[in-house]
Amino acid sequence: VTTALVLAEQVRSAAVSASEVIERHLAAIDESDGAVHAFLRVLHDDARRQAADLDDRIAAGEDPGPLAGVPVAVKDNLCTRGVPTTCSSRILADWCPPYDATVIERLRHAGAVVVGKTNLDEFAMGSSTENSAFGPTHNPYAPDRVPGGSSGGSAAAVAAGLVPLALGSDTGGSIRQPAALCGVVGMKPTYGTVSRFGLVAFASSLDQIGPFSATVADAAALFEVIGGHDPLDSTSLDRPAPRAVENLDDGVDGLRVGLPRELVDGVAPEVAAQVRRAAEVLAAAGATVTECSIPELTLGLPAYYLLAPAEASSNLSRYDGVRYGLRVDGEDVEAMMRATRAAGFGAEVKRRIMLGTYALSAGYYDAYYGQAQKVRTLIINAFGRAYKEADVLLGATTPTTAFPLGAKVDDPMAMYMSDVCTVPSNLAGHPAITIPFGVDAEGLPIGVQVLAPALCEPLVFRTAAVLEGEAPAPVAPVLAAATWTGR
Amino acid sequence: MTPPPSPAPAGTRGWEPVIGLEVHCELRTVTKLFCGCRNAFGDEPNTNICPTCLGLPGSLPVLNAMAVELAMRIGTALHCDIRPSLFHRKNYFYPDMPKDYQISQYDEPINVNGWLELPDGSRVGVERAHMEEDTGKTSHIGGGGRIHDAQYSLVDYNRAGVPLVEIVSRPDIRSAAQARLYAAELRGILIATGASDGRMEEGSMRVDANVSVRRPDAEFGTRCEIKNLNSLRSLVRAIEYEITRQIEVLESGGTVAQQTRHWDEDQGTTGALRSKEEAFDYRYFPEPDLVRVVPDASWQAEVAAAVGAMPADRRAGLAALLGPEGSTGAKADQIATVVEHGLDALMTAAVSAGIGPALALARTANEASADPERARALDPAAYTALLRMEQSGTLSATQAKDVLGALLENGGDPVELARRRGYEALATDSLAAVMDELIAAHPDEWQRYLGGDNKLAGFFTGLAMQATDKKANGKAVAQELQRRRR
């Protein structure tokens, strides 16, 4: 199995050149991505240049970094200097940022090679990657099904074996939900541990960048590379990011695991069954598993669908045709702005801008935005109580496995329900991980989720590592690339 | 101290104007409020810009600590409570606002509940003084320069993100004249704290006026907000116009509509911009990209220590040097001038070194204040030396002013400057010898002078000047003439 860490070790020891690794993956992408459509843009030249540079540095005896030569795919809402960053929106179709996101700089510094920009729901709003102005991404396990979203491209790229690592952003589950549906590891860090500088904002108080990978160890390694204080992000915590790798194999002996009914009941029976099997795995490894109830978690979804659109309505105001991006001319500046936004945004983005504008309007603010903020506080307090009895919580990541393309596009409420198990962690700013744990009767991947209090990433990764060791062996997806190696 | 009752000004026919001012002041920081771009006026358009102040996707604001410090200095000078504060987003679409929202403090401003004492002894309450970012600047090309008729518009984002403090007074002002006093005094405070250069003509201090009228002791009337007041003169004219307009509306049986009105400097009128119903819904909500600003006690103490004496205290200090006449008309005006230009230290240094306060005040207020920038850089010892020469009669007033001009221009030693101009006056005994010769040469005229014909004083002074190549000091000649008549 060629994980990112194995690849990096091979490159660092010059057993294989970075250029060979990159060529192999570029070839796999060129050959297989037509059917998956994980990528909006593949950066052949940039990747080759960077790989050649790494090989020179290795030949010169320099340390090329912990992820030397590892190909990484990044969600197309992360700014890459001189490379279009579209957010899957017509309004930014040709926009090239003049700067790199902090996470991109950190990837390069670690020797990782950005090979392409991946598809997403427009401005990260959606749970299926169908809200992309550039066409949907297909689930590598069932091409007629969604990969989840909004980071569907990053999840599918890793699932198909096109890259061992990818970055996504998670505002209400946008890393964990597609990771679960595509059978890969996906992790949302504690709010403030990974810089948001260069992440095109959806809902600033909830957005957090995190890793996708085939293995827990790879996710931990990528988290360590991208985490840590950044003076360019005022909400970045002024402290080193929690360590994730060094205690990865410490096990869960003596750990208290809570199993909240709200994250198990009400999900598809096959998903619930895998969560219970995962609980048994942890118990067998020495953890104490206790069923519990956190009723406030059910308030998360409605609160989220007021707060996130409210922030989005403001964050997306700047796309007005004046300075950059699409401009559709009009009689006067107001008409130009109207025409630009009408033509540039897709239906779901417009829906959320309207929802959010309404929630913040005079006379409605208290009833909607204000109330949702109170619910957010309730959820934080409820987690606080639960974590007096438990060190981590275990639950489902998604209510169902991957659904067919088109199944929910006309039913926003049904689509929004996909995030029911993931939004509470965003509202609380807590870390959470999903790892693949078996498949349903149709062979579609199931994910289980581990949640922990703020800054308890080490617990999250340790628990996930134990589950990974006992999870059913992965099956190759039908759209597996030549570079797919499983776990 | 309670404000003295201000009589309703003439022409208000028993109506009492109620005025509150909102003053925006650009802070004199090196960089902008949320990014590292230069905060400078008058540079080439769109040269002081970056992803953050252009609001590019993915950019984030980082608060400038110096801006917070200057805001706290303003709060300290205005006797405000300095509080933990929060930024909000004020949402509305406008092309010169890069993010289409403005980051501004809303219901948790940094400074609240202060006051400002005016030179006339009245006191105006300050409701709040909060931080926010400035917008860019739009120029409408064609169609008379108005947005709706323009062929196209150009936007300069150099100003976008420049730190502002908005100082909101309570509705304690009762006349246009008092509004002018308040604005002028506030300007002095902004300059004295180092927070702003207070240049209204460059837009670094901008004033909006809320004006209403009422019968004394009645409830406040409906107010109108007047914008586009670019000088103290237009502030006074606009308020006077608006007071008259509202009184006429009310006296003809109408009601004043709550409006934002635009001052037209050329027409000398205000016109409606938008009514209350058309007012924007700004959809304020807490700015999620920034954290709460919580200045700790030691930082606050540091700032308070750094804020020097305010103009009112400094005026009182200078007035005390002059004794009773220091608080009267002409002298009080001169003192205000000295303080306004920050020359009180220069004047005080001279007085401490033995220069008479009246002379020190006159030269500082009249001559030094004409070139305040250079005067502030003047060596107090040189300034004192010059005034001493004038005081002792070594230099005439005219000569002293001339030497002061040279001193301001190029600096140097005033004694040497006077000498180079040939102003080194004759020693008193050599002047006496010259006078003896002149008297001997014109005995008839001298007798008439001794007999009381004062016109002859001018005759002898002229001769003395001629004989000394104009080096004689007029005052010293007069003294010689007087001495000999006794």
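Q: How far apart are the end C-alpha atoms of helix α10 of chain B?
A: In this predicted model, local features need pLDDT of at least 70, side-chain atom pairs count only at pLDDT 80 or more, and totals for chains, interfaces and linings use all residues. Residues are numbered from 1 along each chain as its sequence is written, and side-chain values use heavy atoms, leaving out hydrogens and water. Helix α10 (residues 380–391), a DSSP run of H or I with at least four residues, has 12 residues, and because the expected span is 1.5 Å times one less than the number of residues, a span of 16 Å should result. The model agrees, with the end C-alpha atoms of α10(B) lying apart by 16 Å.

Q: Is Ser195(A) buried or exposed?
A: Ser195(A) is placed in the loop between strands β5 (185–188) and β6 (208–213) of chain A, a strand being a DSSP run of E with at least two residues. Buried means under 20% relative accessible area and exposed over 50%, with partly exposed in between (1.4 Å probe, protein chains only). Because its relative accessibility is 1%, Ser195(A) counts as buried.

Q: Which residue's side chain makes a polar contact with the side chain of Ser195(A)?
A: A polar contact is a pair of N or O atoms within 3.5 Å, where within protein one must be able to donate a hydrogen and the other to accept it, and residues adjacent in sequence count only if both atoms are side-chain atoms. A polar atom of the Ser195(A) side chain lies 3.0 Å from the backbone nitrogen of Phe197(A). The side-chain partner, at 2.5 Å, is Asp230(A).

Q: Which residue of chain B meets Arg196(A) in a salt bridge?
A: A salt bridge is a side-chain nitrogen of Lys or Arg within 4 Å of a carboxyl oxygen of Asp or Glu, and the count between chain B and chain A is 2. At 3.1 Å, N to O, the partner of Arg196(A) is Asp289(B).

Notes. Chains lettered and ligands numbered in written order.
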